[in-house]
Amino acid sequence: MRTGSMSTVTKSEKVRTRFAVVRETRASTITLILAVSAIVILFALPAFASRVLLQELFYVFTMLSLAQLWNLLAGSAGLISVGQQAFVGVGAYALFAFTVIAGLDAVLSIVLSGALAGLVAIPAALIVFRLRGAYFAIGTWVVAEVYRLVFAQVKPLGGGTGTSLTPSVTSSVPGIEWVKAWLDVRTPAARDIVSYWMALALLAVTLAAVYFILRSRRGLALGAIRDHEGAAAGLGVDIYRIKLAVYIATAAMTGMIGALIYLQKARISPDAAFSVLDWTAYVIFIVVIGGIGTMEGPVIGAIVFYLLQRYLADFGVSYLILLGTLGIIIMLFTPRGLWGLFAERYGLTLFPTRRRLIISDRGDG
């Protein structure tokens, strides 16, 4: 009996050591080290970088954050929204209301603006979630237009012509005085540096949040919904609840990013804050050319978008035509985007979210 028991244990141990479920890869470990190093370097960058470079990186960070959130919404949850500018605008106007009217601290106002955008997303979801496919996309755009028209009627916030932040608000952002003393710069430059740091922090939080969501049980549910909604429902996934949670979470984060963008701009108007071109069309372009459904895709897309805008934006309408043409070409010939093409050829995964079954060499069968 004892011999048989030991034999059974030995066989079971061989079975357990023969297979393993992993997510991390050597490339992902290197990526983690490089990402942490990059954040440290980028944090120290204001000590020797020009103000123009910091302003450009601020734009890249905020657009990449918006792209990651839209990618989570569309690429993972299957919610193709063309109305995310609604939450950029709500967050931006909330910042102005909290700072100018209520007199609150700017950093606290950014957090509260995100919370308000998340709350506003709830009634919007009750409407647009009744729609499917193209009707859902059009519905989100209509909701954004409604918000634009509503805020255009709010006279204390400038109505249709907009308003500006007062110098008392823009000059009292926490950290400005410390930066002025440390780097010996004037108030406008110090404000740009603090805004740059906040954009970097929001980008890091956004990447981490999206990554851990996709690795969690909700991430598994999102993957099932994306692959086959009917089959996911048959397995017991609460599709409506999962989609609603993702929609609200992305709205809240988008609202915070919108608040930060307009804290740095210090000037707002309904047409600018709720611009479908600036805050949704460009974001969709970034995700599509980089690769929808992957975390690496928006990073590649943001870099390409920045380079195109940096060197071709002066061509006006021709620049927009070029963006559209490039997007169509990529969708036709590489539907998975530039990163998808690269990853398929070399088998790379920098942000692994799916589990992989591998065979261990320790077992001999």
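**A nonpolar patch on the surface**

Ile138, Trp141, Val142, Val146, Val150, Val276, Leu277 and Leu320 make up a nonpolar patch on the surface, and together they offer about 630 Å² of accessible area. Two elements give two or more residues to this patch, namely helix 6 (134–151) and helix 14 (276–290). Helix 6 supplies the largest share, five residues. One member, Val142, sits in helix 6 and is partly exposed, with a relative accessible area of 39%. Patches here gather residues with over 30% relative accessible area and no salt bridge, nonpolar side chains (Val, Leu, Ile, Met, Phe, Trp, Tyr) being joined within 5 Å and like charges within 9 Å; a salt bridge is a side-chain nitrogen of Lys or Arg within 4 Å of a carboxyl oxygen of Asp or Glu.

The model is predicted, so local features need pLDDT of at least 70 and side-chain atom pairs pLDDT 80 or more, while totals for chains, interfaces and linings use all residues. Residues are numbered from 1 along each chain as its sequence is written, and side-chain values use heavy atoms, without hydrogens and water.

Turning to the whole protein, there are 17 helices and four strands, taken as DSSP runs numbered from the N terminus (helices H or I, at least four residues; strands E, at least two). The C-alpha atoms fill a box of roughly 85 × 50 × 45 Å along the principal axes. Of the 365 residues, 44% count as buried (under 20% relative accessible area, with exposed over 50% and partly exposed in between; 1.4 Å probe, protein chains only). The accessible surface of the protein comes to about 18,900 Å², 67% of it belonging to carbon and sulfur atoms, by the Shrake-Rupley method with a 1.4 Å probe, where for residues only the protein chains shown count as cover.
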